Amino acid sequence: MADEDVTVLIATDADIVVARGEGRALAGRLGFSRTDATLIATAISEIGRNILVHAGAGEVRVGRAGDDHRVAIVVVARDEGPGIHDVKRALEEGYATGGGLGLGLPGSRRLMDEFDIETKLGHGTTVTMSKWRERDRHAVVRDAPDRDG
């Protein structure tokens with residue numbers, strides 16, 4: 001991730017709204033479509049809700065990654081909650097332990113291009129998810145290293 005990373009502490013519903021907004025804003029700056037920006041914001045909401053329901057508090061970091069041809073928005077959500085007992089089951093559509101609809105983890109995984117969970121019982125969970133897009137031709141030229149200097 002890069003200098004423009006933003007970390008939002010998640011302790012209330014209002015914090016989830018802030019994290020959503022940061023994700024949507026960065027997606028716009030990186031040239032993602034409005035549709036993709038909405039998908040990214042929705043995934044952040046789902047993961048943020050999981051933090052509140054299952055851990056009580058945590059953080060969401062939003063940043064960028066990329067190479068010469070692609071750019072990604074990367075979201076890392078961390079908490080120090082109880083961890084996930086059965087990750088495979090938690091990723092099943094409709095599985096819910098917090099009284100919700102069970103959209104959090106499987107929904108976020110479906111909305112993003114890459115999705116990874118690291119969890120340790122009694123120590124918390126980290127979810128890392130990314131959405132990629134191809135750089136347009138002008139961005140590739142603009143961001144190329146100066147070869148004259």
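In which sense do S1 and S2 pair, and over how many bridges? Keep that in mind as you open the structure, which is a predicted model.

**Stop 1: the paired strands**

Select strand S1 (6-10) and strand S2 (residues 58-66). The two pair in the antiparallel sense, over five bridges. To see one pairing up close, click on valine 8: its bridge partner in S2 is valine 60.

Now add strand S3 (70-79) to your selection. S2 and S3 also run antiparallel, and nine bridges join them. Follow the chain from S2 into S3 and you will trace a hairpin with three residues between the strands. Along the way, look for arginine 64, which stands opposite isoleucine 73 in S3. As you compare side chains, remember that in a regular strand they alternate between the two faces of the sheet.

**Stop 2: alanine 65**

Stay in S2 and pick alanine 65. Is this residue buried, exposed or partly exposed? Its relative accessible area is 27%, so alanine 65 is partly exposed; to count as buried, a residue must be under 20%.

Next, show what surrounds alanine 65. Not counting residues up to four places away in sequence, it touches Val71, Ala72, Val74 and Trp132. Try the distance tool on the last of these: alanine 65 and tryptophan 132 are 67 residues apart in sequence, yet 8.9 Å apart in space, C-alpha to C-alpha.

**Stop 3: helix H1**

Select helix H1 (13-29). This helix has 17 residues and reaches 25 Å from its first C-alpha to its last, close to the 24 Å expected at 1.5 Å a residue.

Colour Ile16, Ala19, Gly23, Leu26 and Ala27, the buried residues of H1. Then look down the helix axis: these residues fall within an arc of 105 degrees, so they line one face of the helix. An α-helix has 3.6 residues a turn, so residues three or four places apart point the same way.

What do the buried residues of H1 pack against? Show S1, H2, S2 and S3 to find out, as these are their packing partners. On the face turned away from the buried side, find the exposed residues Val17 and Arg29. Just past the helix comes glycine 31, whose phi is positive, near 90 degrees.

**Stop 4: the nonpolar core**

In soluble globular proteins, nonpolar side chains tend to be buried together. Here, the largest nonpolar core has 31 residues. Highlight Ile10, Val60, Ile73, Leu105 and Phe115, which have the most contacts inside it. Several elements each supply at least two residues of this core, among them S1, H1, S2 and S3. Helix H2 gives the most, with seven residues.

Zoom in on phenylalanine 115. Leaving aside neighbours within four places in sequence, its contacts include Ile47, Leu91, Leu105 and Val127.

**Stop 5: helix H4 and serine 130**

Move to helix H4 (104-111). Six of its eight residues are buried, so H4 is largely enclosed by the rest of the structure. Select them: Gly104, Leu105, Pro106, Gly107, Ser108 and Leu111. The buried residues of H4 pack against H2, helix H3 (87-90), S4 and S5.

End the tour in strand S5 with serine 130. At 5% relative accessibility, serine 130 counts as buried. Beyond its neighbours within four places in sequence, serine 130 is in contact with Ile73, Val74, Met112, Asp113 and Glu114.

Technical notes. Residues numbered from 1 in each chain as written. Predicted model: local features only at pLDDT ≥ 70, side-chain atom pairs only at ≥ 80, totals over all residues. Heavy atoms only, no water. Helix = DSSP H or I, 4+ residues; strand = E, 2+ residues; numbered from the N terminus. Buried < 20%, exposed > 50% of the residue type's maximum accessible area, 1.4 Å probe, protein only. Contact = heavy atoms within 4.5 Å. Core = buried A, V, L, I, M, F, W, Y, C linked by side-chain atoms within 4.5 Å. Expected span 1.5 Å × (residues − 1). Arc of directions from axis to C-beta. Pairing = 2+ DSSP bridges.
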